Amino acid sequence: MPDTDKVLIEFDDRSVRRFMLASIIWGAVAMLVGVIAASQLNFWQMNGKFLEWLTFGWFKNEGVDFLSFGRLRPLHTNAAIFAFVGNMMFAGIYYSTQRLCKCRMASDLLSSINFWGWQLIIVCAAITLPAGLTRGKEYAELIWPINIMVAVVWLVFAFNFFWTLAKRNEPSLYVALWFYIATIVTVTMLYVVNHLSIPTSLTHSYGIFAGVQDGLVQWWYGHNAVAFFLTTPILGIMYYFMPKAAERPVYSYRLSIIHFWSLVFIYIWAGPHHLLNTALPHWLQLIGMTFSLMLWAPSWGGMLNGLLTLRGAWDKLRTDPVIKFYVAAITFYGMSTFEGPLLSIRAVNALSHYTDWTIGHVHSGTLGWNGFMAAGMFYWLTPRLWGTKLHSKQLANFHFWTGIVGILFYVASMWVSGITQGLMLNETRDGGTSLVYEFVQTLNAIRFLMLLRVVGGVLYLGGYLLMIYNLWKTIRSGKPVNETREVVPLKPAADKVMTWRETFVNDPMIYCVLGLVLILAWFFLPPYANLVALAWACIVAVLAVKKFQKSGKSWAHWYEKLLENYLPFTVLTFVAVVIGGVIQILPTVFVSRAKNIEDRLEKVPTPLELAGRDIYVSEGCYNCHSQMIRTLVPDVLRYGDYSRLGESIYDHPFQWGSKRTGPDLARISGKYPNAWHYNHMRNPRDLNADSNMPSYSWMLTRKADLAALPSKIAVQRYLGVPFPAMTADDIRDKAIKQGIEIATDLKANGAFAEADSQIVALIAYLQNFGKFEKPGEAPGKIPWTNEPFPIQPGSPDKFRAAVIKP
């Protein structure tokens with residue numbers, strides 16, 4: 001084709017620079033907040049008292065509720081995920097998409113809206129989360145107006161991306177674009193479903209799911225937010241930037257095909273492994289564990305594809321800091337994706353869940369995989385975006401080794417801490433009839449390890465600050481540059497257009513669908529019938545292999561044509577990810593309802609108890625306390641009868657928790673008097689000198705929002721919680737009456753609080769935990785002995801002995 005047919009295009013690198021700088025700044029904020037939050041777990045004074053000391057008493061502890069761990073932890077996680085990794089992801093996608101499509105992004109206006117809208121969302125989150133405005137669900141804490149902003153800005157980004165694919169000058173979609181497509185489609189689905197809510201005010205709402213439904217949907221979202229926000233877009237970035245830095249092609253194109261399709265299909269099923277040994281139906285737990293184990297193969301396939309791209313260029317590992325960061329990041333990806341399936345095995349999960357082992361696992365992926373991929377990309381991009389050379393390779397190398405040591409301190413300390421605490425919590429004596437350790441003893445045993453976690457975080461943050469200095473000096477030595485390139489415009493060809501019939505009616509699709517149906521039949525059919533389905537699935541697999549060997553070229557031609565048609569490719573990607581969600585969630589939504597519960601059914605809270613529950617959620621108590629006693633002997637011995645599905649059926653949101661920095665609270669109702677709770681919230685060390693729980697003394701004088709109760713109860717009634725019909729005056733009168741009863745009891749025991757204070761409302765909620773109606777077999781029977789479970793810990797040993805299976 002003659003040169004006259006070429007056109008000169010200028011890439012929109014300004015947007016890339018913006019997103020990269022935003023990621024660098026927000027990353028420092030996220031890590032600093034993380035170090036503070038980690039310190040709070042070891043030193044309770046860090047929850048606000050230290051600010052009083054620094055200001056010589058001017059800033060009283062009562063005024064810094066926004067610095068408590070329960071409020072800072074969501075700020076840290078959201079800043080790390082959406083601010084740091086989110087901006088880094090946008091920078092990498094905007095840079096690579098333009099070059100892979102050989103065209104400028106479709107709309108500069110949409111790119112600007114994407115950038116400024118995303119930063120506005122982050123600022124709003126930074127204001128609302130410390131203020132206690134939250135939905136109370138991990139990685140989904142943002143209140144509904146901000147969620148709408150997220151949805152709008154994300155759709156703007158999606159429209160801009162797909163518009164760019166439509167006007168591209170490169171016929172085929174490169175592998176990095178596959179992962180970007182999967183990210184956009186799946187995150188849209190996950191975010192919308194998990195954030196479906198009905199507002200009660202401008203800053204508060206209740207999600208439409210409750211109890212076990214909410215738990216399943218939350219971890220379908222939570223696990224796959226890690227998969228499709230922290231993994232798939234970064235894999236796309238890996239597939240683009242690693243070959244660029246190594247100056248080598250991707251190791252295996254076929255392996256990348258297997259990696260992509262198996263990963264996006266399998267990942268979506270694995271969410272239930274966060275709820276093993278709980279009240280979640282057993283078949284869902286089994287699905288979560290099975291598919292989590294299956295994730296080993298595609299994840300390690302991607303890791304090997306990334307590392308082996310360096311074949312013939314391993315010498316660069318000694319001299320190029322970018323390659324160092326990429327290789328370490330991909331290695332951490334492999335380690336995390338080995339450890340994740342390991343932790344999804346029920347026996348291992350019984351030890352690891354609710355402990356620091358999970359925290360170590362998450363941070364090995366976030367710091368090692370996301371953090372190091374970001375650092376490598378920043379070091380590679382900055383000289384090119386500002387037309388200069390990196391200021392100092394020595395500083396970059398020092399950053400690398402400081403970061404590595406920081407990660408090892410952090411992750412190793414959390415591994416040892418989690419295993420230590422898990423073993424101590426599960427240890428029994430006297431033939432398994434009593435516990436060896438109290439909960440607080442396990443915390444004292446791991447305090448030094450929690451301190452090492454802080455040291456690791458400080459080291460990692462220190463290395464990150466070195467990177468900021470290095471990049472700042474690099475930017476100062478150059479000036480912004482937008483790359484220009486001559487490209488040949490792509491002319492549409494009728495024979496390249498794929499019809500919907502061609503997309504779905506072909507040998508690859510038929511064999512895949514038939515195999516999937518038979519595998520699902522094997523999983524769900526009763527005994528013997530499932531073996532027949534499995535046999536047929538094996539036969540179909542053999543036939544598919546023979547068919548591929550005989551007519552493999554036609555299969556390859558179909559896939560090559562699919563890559564030239566982004567809409568059919570996107571639809572197939574959506575189908576691959578939506579199947580798992582539909583099969584897992586719909587049965588739970590329609591079957592696990594109050595009218596179908598035959599065992600225990602949660603008691604509907606009073607208005608004051610509902611107000612207390614919202615305070616509990618607002619203060620982030622779910623970050624440290626669970627409300628789910630697992631079907632494990634040590635859990636039952638320590639906390640009481642195991643939790644049933646119906647006991648949280650009206651909880652919007654569910655409060656099963658994912659980490660126990662404090663004990664489970666599912667059976668705390670009636671265990672302690674009102675004055676105990678009052679003193680515990682005022683100063684936990686008055687009751688236990690070893691407690692690391694922060695003080696919540698502001699609750700003693702702050703008013704509960706009783707005026708909001710009518711709108712909250714109206715929404716709850718609409719969602720199916722059977723509150724009795726009440727007027728606004730009835731609701732307030734009931735709340736005040738119950739508050740007076742509690743305040744009177746407190747006064748009689750030397751504690752003083754107003755009937756409409758937050759502490760009174762919280763006490764009302766705490767005294768309602770675990771109350772249920774219409775018990776089927778209360779207090780529940782142990783299948784292998786037919787003896788009753790003890791409802792409260794401390795029951796006679798003759799009942800405890802029955803808990804241990806012979």
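Contact, for this talk, means heavy atoms within 4.5 Å. Now the ground rules. This is a predicted model, where local features need pLDDT of at least 70, side-chain atom pairs count only at pLDDT 80 or more, and totals for chains, interfaces and linings use all residues. Residues are numbered from 1 along each chain as its sequence is written, and side-chain values use heavy atoms, with hydrogens and water left out.

Let me start with T402. T402 sits in helix α16, residues 393-426. Helices here are DSSP runs of H or I with at least four residues, strands are runs of E with at least two, and both are numbered from the N terminus. Is T402 buried or exposed? T402 is buried, at a relative accessible area of 14%. The scale: buried is under 20% relative accessible area, exposed is over 50%, and partly exposed is in between, with a 1.4 Å probe and protein chains only. Set aside the neighbours within four places in sequence, and T402 is in contact with L459 and G463. The T402 side chain also reaches the backbone oxygen of F398, at 2.7 Å. That is a polar contact: a pair of N or O atoms within 3.5 Å, where within protein one must be able to donate a hydrogen and the other to accept it, and residues adjacent in sequence count only if both atoms are side-chain atoms.

Next, I323. This residue is in helix α13, residues 321-343. I323 has 0% relative accessibility, so it counts as buried. Beyond four places in sequence, I323 is in contact with A245, A246, L310, K316 and L317. For scale, I323 and K491 are 168 residues apart in sequence, and 37 Å apart in space, C-alpha to C-alpha.

On to helix packing. Two packed helices are described by the angle between their axes and the distance between the axes. Axes are lines fitted to C-alpha atoms, for helices over the stretch in contact, and angles run from 0 to 180 degrees between N-to-C directions. Under 35 degrees counts as roughly parallel, over 145 as roughly antiparallel, 65 to 115 as roughly perpendicular, and the rest as oblique. A crossing is left-handed if the near helix is turned anticlockwise from the far one by less than a right angle, and right-handed if clockwise.

First pair: α6, residues 175-194, and α8, residues 232-246. Their axes are 8 Å apart and the angle is about 165°. So α6 and α8 are roughly antiparallel. Their crossing is left-handed. From α6 come V175, A176, F179, Y180 and T183; from α8 come T232, P233, L235, G236, I237, Y239 and Y240. By class, that contact has nine nonpolar residues, three polar and no charged. On the classes: Ala, Val, Leu, Ile, Met, Phe, Trp, Tyr, Cys and Pro are nonpolar, Asp, Glu, Lys and Arg are charged, and the others, Gly among them, are polar.

Second pair: α3, residues 69-101, with α15, residues 356-385. Here the angle is about 40° and the axes are 11 Å apart. That makes α3 and α15 oblique to each other. The crossing of α3 and α15 is left-handed. α3 brings H76, F84, V85, M88, A91, G92 and Y95. On the α15 side, the residues include H363, N370, W380 and R384. The split for α3 with α15 is 12 nonpolar, five polar and one charged.

Third pair: α25, residues 674-682, and α28, residues 758-766. Their axes come within 10 Å and cross at roughly 125°. α25 and α28 are therefore oblique. This crossing, α25 on α28, is right-handed. N674, H677, Y678 and M681 of α25 meet I759, L762, I763 and L766 of α28. That contact holds six nonpolar residues, two polar and no charged.

What about Q767? Q767 lies in the loop between α28 and β8, 772-773. At 15% relative accessibility, Q767 counts as buried. Its side chain reaches the backbone oxygen of Y672 at 2.9 Å. Leaving out neighbours within four places, Q767 is in contact with residues including N674 and H677.

Last, some backbone details. Which residues does a cis peptide bond join? H652 and P653, with omega about -5°. P653 is in the loop between α24, 633-639, and α25.

Y139 has phi near 65°, a positive value in a residue other than glycine. Y139 is in the loop between α4, 108-128, and α5, 144-166. At 12% relative accessibility, Y139 is buried. Y528 has phi near 75°, again positive and not glycine. Y528 is in the loop between α20, 507-524, and α21, 529-563. At 67%, Y528 counts as exposed.
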